[in-house]
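Trainee: I would like a close look at a single part of this model. Please take one region and go through it in detail.

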Amino acid sequence: MTEQSGPRPQAADALLAVAVLGVRTGLRAGGAVARTARPVTEVVLRPEKWPSKRLRLLAEIGFRQRRAALEEAVRLYRKVTPAVITDVLAQLDLGRIAQDVIDEIDLPELIRASTGSVASESMRDVRMQAIEADETVSRWFGRARRSRPVA
């Protein structure tokens with residue numbers, strides 16, 4: 001039997017799995033209860049229908065706690081996310097990925113095609129300049145022949 005390299009599961013991982021499963025089960029059960037009780041709660045729990053000031057105070061406390069929990073979750077997300085991204089990037093073989101991309105796009109052919117088009121444009125420009133020079137020389141000689149008296 002070969003020994004695995006790298007991190008291995010620990011007892012804390014089992015506890016984490018139990019906690020996650022417990023939360024998921026609680027959320028599912030809570031969702032089912034909320035869906036079942038919705039017709040009653042929509043009428044009874046409207047603020048204008050609340051029977052006591054104490055219930056409104058409890059709701060305000062719960063609202064503040066929910067908002068604080070959300071703010072804490074956002075804070076933790078912002079703190080942990082860069083570390084997770086850094087860890088993921090550290091595990092990537094970026095050199096190999098870059099090489100695979102270069103191999104896939106056939107970089108030598110791309111370079112040949114682009115330099116071929118540049119060379120073609122350059123040759124056309126040189127030909128046009130040669131034609132213009134030829135026409136200039138022809139005009140100059142044409143003027144020179146016309147201005148000479150014939151003997």
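Mentor: What follows concerns the nonpolar surface patch and the two helices that supply it.

This is a predicted model, in which local features need pLDDT of at least 70 and side-chain atom pairs count only at pLDDT 80 or more, while totals for chains, interfaces and linings use all residues. Residues are numbered from 1 along each chain as its sequence is written, and side-chain values use heavy atoms, with hydrogens and water left out.

The protein chain has four helices and zero strands, where helices (H or I, at least four residues) and strands (E, at least two) are DSSP runs numbered from the N terminus. Of its 151 residues, 2% are buried; buried means under 20% relative accessible area, exposed over 50%, and partly exposed in between, with a 1.4 Å probe and protein chains only. Carbon and sulfur atoms account for 63% of an accessible surface of about 14,000 Å², computed by the Shrake-Rupley method with a 1.4 Å probe, and for residues only the protein chains shown count as cover.

The patch covers about 940 Å², and among its members are Val80, Val88, Leu94 and Leu110. Patches are made of residues with over 30% relative accessible area and no salt bridge; like charges are joined within 9 Å, nonpolar side chains (Val, Leu, Ile, Met, Phe, Trp, Tyr) within 5 Å. Helix 2 (53-91) and helix 3 (94-105) each supply at least two residues, and helix 2 gives the most, with five. One of the patch residues, Val88, lies in helix 2 and is partly exposed at 44% relative accessibility.

Helix 2 has 39 residues and reaches 56 Å from first C-alpha to last, close to the 57 Å expected at 1.5 Å a residue; the expected span is 1.5 Å times one less than the number of residues. Val80, itself in the patch, marks a kink of about 30° shortly before Pro82, the bend being the angle between axes fitted to the seven residues ending there and the seven starting there. Helix 2 also holds Arg75 and Glu72, three residues apart, about one helical turn. Their side chains meet in a salt bridge (2.6 Å, N to O), defined as a side-chain nitrogen of Lys or Arg within 4 Å of a carboxyl oxygen of Asp or Glu.

In helix 3, Asp100 and Arg96 are four residues apart and form a salt bridge at 3.1 Å. Asp100 is partly exposed at 34%, as is Arg96 at 46%. The 12 residues of helix 3 should span 16 Å, and its end C-alpha atoms are 17 Å apart, which agrees. Asp106 follows helix 3 with a positive phi near 50°.
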